[in-house]
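Reader: I am new to this structure. Please take me through one part of its surface closely.

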Amino acid sequence: MVKREGGGDLVPISELLSYRLSRTSSALSRSAALRYRREFDVSLGEWRSIALIAADPTLTLNRLARRAGLDKAQVSRVVRGLVERGLVSRTAGPGRSRQLALTEAGLTVYRGLITAANERDAAFAEVLSDEEARALGRALDKLTDLALSLERRERDQLDDA
């Protein structure tokens with residue numbers, strides 16, 4: 001092992017928290033993507049877009065991209081496909097914006113998807129005790145806050161460079 005400044009050992013990538021969280025997140029996403037494709041013929045990006053639109057019927061493409069944490073061009077392609085499939089509609093919004101809404105067919109698909117997502121969530125929760133679930137929730141909140149803070153700091157340093 002390589003020694004850290006201050007005397008601690010450096011850990012290999014397989015033991016880094018960020019790497020372990022990323023691998024877990026990827027595995028969760030891959031299994032969800034397979035199920036949602038098989039049962040509802042939607043990709044993970046389509047599922048996330050459908051779910052976010054269902055949660056907020058005032059979403060525009062820009063706001064959807066920000067909430068999904070995806071590139072606007074990527075979200076635009078996803079939404080275009082959902083519109084073509086009759087799952088999403090675009091209506092006039094404030095100014096020149098276009099609001100996104102689920103169609104009746106989109107709502108039907110959403111209900112199936114959210115049911116499947118809740119089933120998956122329950123299966124993951126089952127392997128944790130109540131204490132572990134509460135501790136995980138608190139830990140994820142703390143890690144999210146720190147990650148967002150570090151991201152802002154890195155952006156500020158990049159802007160200053």
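Author: What follows is a look at the nonpolar surface patch, with a few other places for context.

This is a predicted model, in which local features need pLDDT of at least 70, side-chain atom pairs count only at pLDDT 80 or more, and totals for chains, interfaces and linings use all residues. Residues are numbered from 1 along each chain as its sequence is written, and side-chain values use heavy atoms, with hydrogens and water left out.

First, confidence. pLDDT is the predictor's confidence in each residue, from 0 to 100. The protein chain has a mean of 91, and 96% of its residues reach 70 or more.

Now the patch. L17, L21, L136, L140 and L143 make a nonpolar surface patch of about 390 Å². Patch residues have over 30% relative accessible area and no salt bridge, and nonpolar side chains (Val, Leu, Ile, Met, Phe, Trp, Tyr) are joined within 5 Å. A salt bridge is a side-chain nitrogen of Lys or Arg within 4 Å of a carboxyl oxygen of Asp or Glu. Areas come from the Shrake-Rupley method with a 1.4 Å probe; for residues, only the protein chains shown count as cover.

Helix 1 (17-40) and helix 6 each give two or more residues to the nonpolar patch. Helix 6 gives the largest share, three residues. Helices here are DSSP runs (H or I, at least four residues), numbered from the N terminus.

L21 lies in helix 1. L21 is partly exposed because its relative accessibility is 37%; buried means under 20%, exposed over 50%, and partly exposed in between.

Helix 6 spans residues 130-160 and also holds E151. E151 is partly exposed too, at 36%.

Terms used. Buried means under 20% relative accessible area, exposed over 50%, partly exposed in between (1.4 Å probe, protein chains only). Patches are made of residues with over 30% relative accessible area and no salt bridge: like charges are joined within 9 Å, nonpolar side chains (Val, Leu, Ile, Met, Phe, Trp, Tyr) within 5 Å.
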